[in-house]
Amino acid sequence: MASAPMTKKVGSEVESPASMGSESGSEERLLTNNGSAKQNGKHSTSIRSNSDHGERFEYSGWVYHLGLNSIGHEYCHFRFLFIRGKYVEMYKRDPHENPGLKPIDRGVIGNTFMVEESGRRKVNHGDLYVLRFYNRLDETKKGEIACATAGDARKWMEAFDQAKQQVEYELSRDRSVRNKLNMEDEINLEEHRPRVRRYAHGLKKLVRIGQGPEMLLRKTSNLGSAGRLDAYFDADGGDVVETYEWKCVRTINGVRIFEDVAHSKSGKGILVKAVGVVDASADTVFEVVLSTERHMRYEWDTLIGDLELVDSINGHYDVVYGTFDPRYLTRWKSKRDFVFSRQWFRGQDGTYTILQFPSVHKKQPSRSGYKRTKINPSTWEISSLSTSSSPKTVRCLVTQTLEINPKGWLKWRNNHCQKFEKTVPFALLNQVAGLKEYVAANPTLASDSSSMVVHTTLSDHSGSLSEFEDTETADEFYDAIAADSSSDDDDDDDDDDEMGVNKVKKIKLKNVSWAIAGLALKKASDPDPSNQLNSKVHPINLDSSQFQGSMRRAKDEADKNCWSSPDGSGFMIRGKTYLKDSIKVKGGEPLLTLIAVDWFKVEDCVTNVALHPKSIVQSEAGKKLPFILVINLEVPARPNYSLVIYFAADRPINKSSLLGKFVNGTDMFRDSRFKLIPSIIEGYWMVKRAVGTKACLLGKAVTCNYLRQDNFLEIDVDIGSSSVARSVIGLVLGYVTSIVVDLAIVIEAREEAELPEYILGTVRLNRFQLDSAVTLKIY
């Protein structure tokens, strides 16, 4: 077969995958001209089993490898990525269809490996979803891959997370490994390969992510995989007690219309929402809502069908311009246009959130013949629905919330006034119904493209893990993929024969969980909070007046620029039977006592605050405490801030308890268990939607660094390490003077013996002022 044709542009380089066996690669571009990479067909998730006790996962699929070559030009290469346990290989072809094929790069996923979603990026006139890799101790070690759909990006995120969990499993099984491992050191893989082999020798789960290159190139209306691979994330509602009281007031075209009756008499705008079930995956619906493709929007959006991109701020934030003909809505004859910004992100439970604000932009001034209007602030929330009873059915719950003027709304709600039905807010509320019908009319969007199959025979071409481990490599994954940028000669040395399709007998499964139950430590303590501390030691009296932080304690609920410590009843945590029924219960009193809060202003984000000579930890009173937990939230802004929260125990920690394992454990274990639950008690409703009500495993969302010394553990949370977190915190800071926020710290329980969970500590921040921050001098 002839070598692949090259499609080149100024400052960029794209490799066509024809040489990888694509039948259409020589005729079609890498990305379609309508601005997105397309997929068609189905991908399979396969499981191969042996009769042993261990478990390991293998993930594989096509990705785009992004980077800069030796002369500074961007490149976008098709590569086949293969994750075997914690090891990663990169190929130019599919090794399953080319037995004996050698990888062009290989590496390992270490304990300091981090991966984050960088959002959407325009690459050669197409939109890709980018994942960024970096070392949390050395950000010069980094790399990027990209996926055609948001769904594939989500699955790769879960795949890399699974690999990191396997490393933690190995450390938990071998105490000598855990004791030798320094919290800030890379894992020395050469020393522990025999243990890796024994662990990986049992049940092997193979997960194929995404499509082959020929499917990525094919032009089609299908927006991608509709499958959802369940991780260990909770599938129920939020983790805080909801302050809204939603009442269904209408049902229109199968979509329920709700009103927030709890705040309807506040004299401000009324919150309403449209809720509908759409027969497609959350990934697919998210891409439909975000798309600016005109012909597609004409089929479901009666208001903002004409939409064009004005500016892309980053991978999670853009500004769009749209026009609409008011003849369909209002009695005015002049044409209308509008500009609004969109921010989006995916939560750890797989829920997509899109925030839409009216905006202005210098690139889009007022246009002759059009009257500029403001679109109501609104949010989209798209979450997958569990379909264990019908695995072939893929559905998601779509909620659109907006704030409207109460005058027209109340007339329509009470008297069915038809004037309201010719307004912009009513057209927005009907978007969910239009989306529901559009998906129903396009079966390719609604189909389940993630069926799971069992291979009845083991294949020889996947290779054994022991063979892979015996290769001489200890490179981190980002080092390995960086090496690919230097390979300007992309002609394969391998045979260019067309790849055949292996036919195997397939048996559909009803329910396969991604979670590895044995990843957590097998020895678990009594979950009773009182047993987390040493009951044999008499508790000391914790007097918070002995500890003076830069932020003062609140006098009452109406006080400003202060802190308090609420009980845990406003938070929902995992109950005793959570692993069986997913039931959560209200939290109780926190185990640790909040003793002080510091609000610092710093030139650069600061870590190891507890070692500062002026720190509460270094005070005479602080040194006498049995244990102090220091949470340092590094807030990126101009200038930068640090919110430092100090929790204290009245007795020493029980080393065999879950808390003891967290405090004295490895960084990977801490990353996998350190959970923060946010709750906006008072504030702008859009901020509430942005922050959400779901618990967040901080170690998986942002970079967390840990310092364990003497009688304290400090956790430095680098909010700026995640573009999504930066975007959300930027929104929060804009309204911080009117916000009351509660935060709860929880160590996630994953085994029955660790349940029920308990609240480790809570803090309430009352409408604090940014300019009240105290400058922290760095010694």
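This briefing covers the overall make-up of the chain, its nonpolar cores and one of its sheets. The model is predicted, and the protein chain in it comprises 19 helices and 35 strands. Of its 779 residues, 58% count as buried, and residues 24 or more positions apart account for 71% of the contacts that have a separation of 6 or more.

**Surface**

- The protein chain exposes about 33400 Å², of which carbon and sulfur atoms supply 48%.

**Nonpolar cores**

- In soluble globular proteins, nonpolar side chains tend to be buried together.
- In this model the largest nonpolar core has 71 residues, and those with the most contacts inside it are Trp156, Phe160, Val285, Phe286, Ile382, Val398 and Trp409.
- Helix H1, which spans residues 150-173, contributes the largest share of this core, namely seven residues.
- Another core, of 63 residues, lies apart from the largest one and includes Leu629, Ala649, Val687 and Tyr706.
- Val285, one of the residues with the most contacts inside the largest core, is in contact with Val278, Ala280, Ile382, Cys396, Val398 and Leu435 when its neighbours within four places in sequence are left aside.
- Two of these contact partners of Val285, Ile382 and Val398, are themselves listed among the residues with the most contacts inside the largest core.

**The five-stranded sheet**

- An open sheet of five strands follows the order S23-S34-S33-S29-S30, and its pairing is antiparallel.
- Its edge strands are S23, covering residues 562-564, and S30, each of which pairs on one side only.
- At the S23 edge, this strand and S34 (residues 761-766) pair in the antiparallel sense over three bridges, and Ser564 stands opposite Arg764 of S34.

**Strand S29 and its partners**

- Strand S29, made up of residues 674-682, is mostly covered, with seven of its nine residues buried.
- In the strand order of the sheet, S29 sits between S33 and S30, and the bridges to these two partners can be described in turn.
- Eight bridges join S29 to S33 (residues 740-747), the two strands running antiparallel, and within S33 it is Leu743 that stands opposite Pro678.
- On the other side, two bridges join S29 to S30, a strand of residues 696-697 that also runs antiparallel to S29, and here Cys696 is the bridge partner of Leu676.
- In a regular strand the side chains alternate between the two faces of the sheet.

Notes
Residues are numbered from 1 along each chain as its sequence is written. This is a predicted model: local features need pLDDT of at least 70, side-chain atom pairs count only at pLDDT 80 or more; totals for chains, interfaces and linings use all residues. Side-chain values use heavy atoms; hydrogens and water are left out. Helices (H or I, at least four residues) and strands (E, at least two) are DSSP runs, numbered from the N terminus. Buried means under 20% relative accessible area, exposed over 50%, partly exposed in between (1.4 Å probe, protein chains only). Contact means heavy atoms within 4.5 Å. Accessible areas come from the Shrake-Rupley method with a 1.4 Å probe; for residues, only the protein chains shown count as cover. A nonpolar core is a set of buried Ala, Val, Leu, Ile, Met, Phe, Trp, Tyr and Cys residues joined through side-chain atoms within 4.5 Å. Two strands pair if DSSP finds at least two bridges between them.
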